[in-house]
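Load the model in a viewer with selection by residue number enabled. The stops below go from a sheet to a core, then to charged pairs and rings.

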Amino acid sequence: MCKYEKIAIVGIRGYSGLELFRIFYYHPEVEVTKIYATSHYGEKLSEHFPQLEGLTDLTISEFNEEEIMAECDAVFFATSAGVSQKLALTFIDNNFPVIDLSGDFRLADLEIYNKWYKNTNLKNEYLLSGQYNLADIGQAKANYIANPGCYATATLLALYPLVKNKMIDLDSIIVDAKSGLSGAGKGLSDASHFVNVVDNMSMYKINSHQHIPEIAQQLKIWNSNFQALQFSTSLIPVSRGIFVSSYAKVAADFDFETIKNAYEQVYATKNFVRIRRQMPHLSDVIGTNFCDIGLAYNPVTNVLSVVSVIDNLMKGAAGQAVQNFNQLFGYDESLGLKFMPSL
């Protein structure tokens, strides 16, 4: 009889929690056995999400770390910032596998973490216990995986060949990133009100988005000469998706063909990164774990443009989390993630 890995999801009622549940429903080696939220204990998940009627009888439970460690093989935190730093410490102490979709353990420097996440309670030894793993570049090894943010994923995959191979002037990087409304979570606000979002576009968190330090941290690892980048974020009237336009001056001795070849070589063996012959559309990746990348070069200005698109709930959250889980547990990393884009 096949042994399934038993999974717990904390934060089941959020967008990413539900996306995790959807992915694992089709995963051949995994069974979701415990789901947790902050309310509605004892109620069936299908009572709150009628589209799941007939698909699951799971009920929502109150968080119980001892129950998870006794009955499950891993736990996913699909929660907002500040939750896992309080609830995940026992798992760290017991070396129990955690995939964390929040930003709580993404940064290795406590001072930088406190600056961007406004928190002074997390001890440095806990912060350092997490492995920040961009699944298409690294390999999940630690029992606490800090899943990259959606903006960070699209930006880092776009810039990796350039920064790693020193193909651009590092002080010239400008990133213009745009997100669909689901990236803001389910919390209600004026900014996410339908009337304010539809037929509109707005810039937010200018020079202050919390994904900036994790992008900078990783770029510094790839190239120690990196210092900073210009990064802006905007909200666009779509339900899901990340559209990132990155710009940089090409370094001397590199031409466009060499750069294109570098992208193709770096990502040739990657299951979920596609280098497109034309600029990608956001709709090309919705509902999938793909990151599509397109390149263009202006010889007059010597500026390279790199467009990267992902589904923020898939590659930017739940999809990459499952990819990290597959790596950590020794499965083919694409297991359960072979979704075709909707046409």
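Two strands pair if DSSP finds at least two bridges between them. By that rule β9 and β10 are a pair: three bridges join them, and the two strands run antiparallel. Keep in mind throughout that the model is predicted.

**Stop 1: the sheet, from one edge**

Select residues 202–204, which are β9, and then 230–235, which are β10. Show M203 as sticks and look across to β10, where S234 stands opposite M203.

Now extend the selection to the whole sheet. It is open, has seven strands, and follows the order β9-β10-β8-β11-β14-β13-β12 with mixed pairing. Which strands are at the edges? They are β9 and β12 (273–275), each of which pairs on one side only. Neighbouring strands in this sheet are turned against each other by 25 degrees on average, ignoring direction.

**Stop 2: further along the sheet**

Select β8 (174–179) and β11 (242–249). Six bridges connect β8 with β11, in the antiparallel sense. Pick V175 and find its bridge partner in β11, S246.

Next add β14 (303–310). β11 and β14 are also antiparallel, with eight bridges between them. Here S245 is the residue to pick; V307 in β14 stands opposite S245.

Then show α11 (256–267). Which strands does α11 lie across? They are β12, β13 and β14, and α11 runs at about 170 degrees to β13.

**Stop 3: the nonpolar cores**

In soluble globular proteins, nonpolar side chains tend to be buried together. Select L162, I173 and I293: these have the most contacts inside the largest nonpolar core, a set of 41 residues. Elements that each supply at least two residues of this core include α8 (150–164), α10 (212–222) and β13 (291–298), along with β8, β11, α11 and β14. Which element gives the most to this core? It is α8, with eleven residues.

Centre the view on I293 and display what surrounds it. Setting aside neighbours within four places in sequence, the contacts of I293 include L157 and A158, then Y263 and Y267. Also in contact with I293 are V273, R274, I275, R276 and P280, followed by V306, V307 and S308. V307 is thus met again, having been seen opposite S245.

Another core lies apart from this one; it has 40 residues, with A78, I99, V285 and L328 among them. Selecting those four gives a starting point for viewing that second core.

**Stop 4: salt bridges**

Side chains of opposite charge can pair when their charged atoms come close. The structure holds 13 salt bridges. Start with K34, which forms a salt bridge with E67, their closest N and O atoms being 3.7 Å apart. E67 lies in helix α3 (residues 65–71) and K34 in strand β2 (residues 30–37), so this pair ties together parts 33 residues apart in sequence.

Keep K34 selected and add E71. K34 forms a salt bridge with E71 as well, with the closest N and O atoms 3.2 Å apart. This pair also links strand β2 to helix α3, across 37 residues.

Is K34 buried or exposed? K34 counts as buried because its relative accessibility is 18%, and the cut-off for buried is under 20%. E67 is partly exposed, with a relative accessible area of 23%, and E71 is partly exposed at 40%.

Move to D311 and R240, a salt bridge whose closest N and O atoms are 2.9 Å apart. D311 lies in the loop between β14 and α12 (314–328), and R240 in the loop between β10 and β11, so the pair ties together parts 71 residues apart in sequence. D311 is buried, with 0% relative accessible area, whereas R240 is partly exposed at 22%. Add E19 and R22 to the selection: E19, R22, R240 and D311 are linked in a network of salt bridges.

**Stop 5: aromatic rings**

The count of aromatic pairs comes to 17. Select F24 and F76: their ring centres are 5.3 Å apart and their planes are at 70 degrees, so the pair is edge-to-face. F24 is in helix α1 (residues 15–25) and F76 in strand β4 (residues 74–77), 52 residues apart. Both F24 and F76 are buried. To finish, add F325, F329 and Y331, which form one aromatic cluster with F24 and F76.

How values were computed
Residues numbered from 1 in each chain as written. Predicted model: local features only at pLDDT ≥ 70, side-chain atom pairs only at ≥ 80, totals over all residues. Heavy atoms only, no water. Core = buried A, V, L, I, M, F, W, Y, C linked by side-chain atoms within 4.5 Å. Buried < 20%, exposed > 50% of the residue type's maximum accessible area, 1.4 Å probe, protein only. Helix = DSSP H or I, 4+ residues; strand = E, 2+ residues; numbered from the N terminus. Contact = heavy atoms within 4.5 Å. Salt bridge = Lys/Arg side-chain N within 4 Å of Asp/Glu carboxyl O. Axes fitted to C-alpha atoms, helices over the stretch in contact; angles between N-to-C directions. Phe/Tyr/Trp six-rings, centres within 6.5 Å; stacked < 30°, edge-to-face > 60°.
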